[in-house]
Amino acid sequence: MDKSTEKKLARYQQLRATGKNLHDTLLDRLPKNALKECGKILGIYHRGTFVLNSEYEMSVLMDYCIYDYRWGGQNVVERYVARASIEPNSDESILLDAMLQARYSLFAIDEIVTGVGIQTHDLLKGDSIFIIDIALSETVVEGFILAGRIITPDNGEFSMTTGALLPVDAAVLKRFAKEIPERFGEEADDIDKMSPEKAAKLSGFIIRTLFESDASSRISHECSGMSHEADTRHEVAEAKPKVGRNDPCPCGSGKKFKKCCGGSH
C-alpha cells in the first residue's frame, strides 16, 4: 500500500470516529415524533408500532431521519450548523460541511481494492466515485449494487458512506429503472438539481421499496458492509423475527420496545 493510500485510510478512520459522536448528537436533536413520522414514510410504522424485518432497518431509519426529515424548512444537520458553536476547520466542521452535500443514490461496484474501498459509479447521476470503506472492500463483489448515502469530506479526497446501506437485487433494480425516471426525471440533471424535499421523496421511495423486498435481512450487522451471503447472484435469505413489544428496543435506549419506539403515544 502506498503512502498516499495509507494517509487517506488514516484520515478516514479519524473522521469515522468523529462521525459516530456527531451522529449521536444529531439524533438527540431530532423532534420526538421524527422516528415515527419517518417510519410511516418508509413503511415500517403501523398502528403505533414499528414492525421490522431486522434491527438494521432501525439504523437505516435513523439515517433517513438525520438527512431527510425536515421541519421549518431544515433538516437536523442544517439546524445544528446554524445554531451550534463549531470550531472552524475542525473534523466536526469538515464532516458537517460534507453532510450538507450528502447524496442518496444507487451505486454499482466496478472494482474492489481489498482493505481500502470500492470504485463505483452512480446509476442515477452517472459519475464515478471511490468510496473508502474497509469492511465493504472485504465483503462485496464486483457488479454488486448498493443503495445508500455518501458524503465527500476534505475537498473531495475520498467519499465515505453514512453506514446505512442496502443491497439491490435484479428484480428491484428493474423496478427502479422504470419508476425512478417516471417519478423523478430521466436525466442526471433532474436528480442533481432536485429540491431537498424531492430528494427526500426519492430516498424514501428507494428505502421503502427495498424494505418491502426484505433487503435488510441480507445485511451483516457486524460491519458497515454486506455479508458474502448478500450477493444477489446467490440470494438465500431468511426473514428475521419481528420485534416483540417486550423485546429490547432496537434503537439502543435500553428500554422495552413497547415503552420506547413501539409506544402508541
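This briefing describes how some helices and strands of the structure are arranged. The model is a predicted one, with a mean pLDDT of 85 for the chain and 83% of its residues at 70 or more. Two topics take up most of what follows, namely the contacts that helix H4 (residues 76–83) makes with helix H5 (residues 91–100) and with helix H1 (residues 3–28), and the antiparallel pairing of strand E4 (residues 117–122) with strand E3 (residues 103–113) and with strand E5 (residues 128–132).

**Helix packing around H4**

- Helices H4 and H5 pack with their axes 10 Å apart and at an angle of about 140°, which makes H4 oblique to H5.
- The crossing in which H4 passes H5 is left-handed.
- On the H4 side of this contact stand Val77, Glu78, Tyr80 and Val81, and they meet Glu92, Leu96, Met99 and Leu100 in H5; by class, the residues of the contact divide into 6 nonpolar and 2 charged, with no polar ones.
- Helix H1 and H4 have axes that come within 10 Å and cross at roughly 95°, so H1 is roughly perpendicular to H4.
- In the contact of H1 with H4, Leu22, Thr25 and Leu26 from H1 meet Val76, Val77 and Tyr80 from H4, and the residues taking part are 5 nonpolar and 1 polar, with no charged ones.
- Val77 and Tyr80 thus appear in the contact of H4 with H5 and again in the contact of H4 with H1.

**Strands E3, E4 and E5**

- Strands E3 and E4 pair in the antiparallel sense over 6 bridges, and one of the bridge partners across this pairing is Thr120 in E4, which is matched with Ile109.
- The hairpin of E3 and E4 has 3 residues between the strands, and Gly115 there takes a positive phi near 85°.
- Strands E4 and E5 also pair in the antiparallel sense, here over 5 bridges, with Phe130 in E5 as the bridge partner of Gln119.
- Thr120, the partner of Ile109, stands opposite Ile129 in E5 as well.
- E4 and E5 form a hairpin with 5 residues between them, in whose turn Gly126 has a positive phi of about 90°.

**Where to read with caution**

- Over residues 221–242 the pLDDT stays under 50, although the model has 54 contacts for this stretch beyond four places in sequence.
- Where pLDDT is low, the predicted coordinates should not be read in detail.

Note on methods:
Residues numbered from 1 in each chain as written. Predicted model: local features only at pLDDT ≥ 70, side-chain atom pairs only at ≥ 80, totals over all residues. Heavy atoms only, no water. Axes fitted to C-alpha atoms, helices over the stretch in contact; angles between N-to-C directions. Helix = DSSP H or I, 4+ residues; strand = E, 2+ residues; numbered from the N terminus. Parallel < 35°, antiparallel > 145°, perpendicular 65-115°, else oblique. Left-handed = near helix turned anticlockwise from the far one by under 90°. Contact = heavy atoms within 4.5 Å. Nonpolar A, V, L, I, M, F, W, Y, C, P; charged D, E, K, R; others polar. Pairing = 2+ DSSP bridges. pLDDT = per-residue confidence, 0-100.
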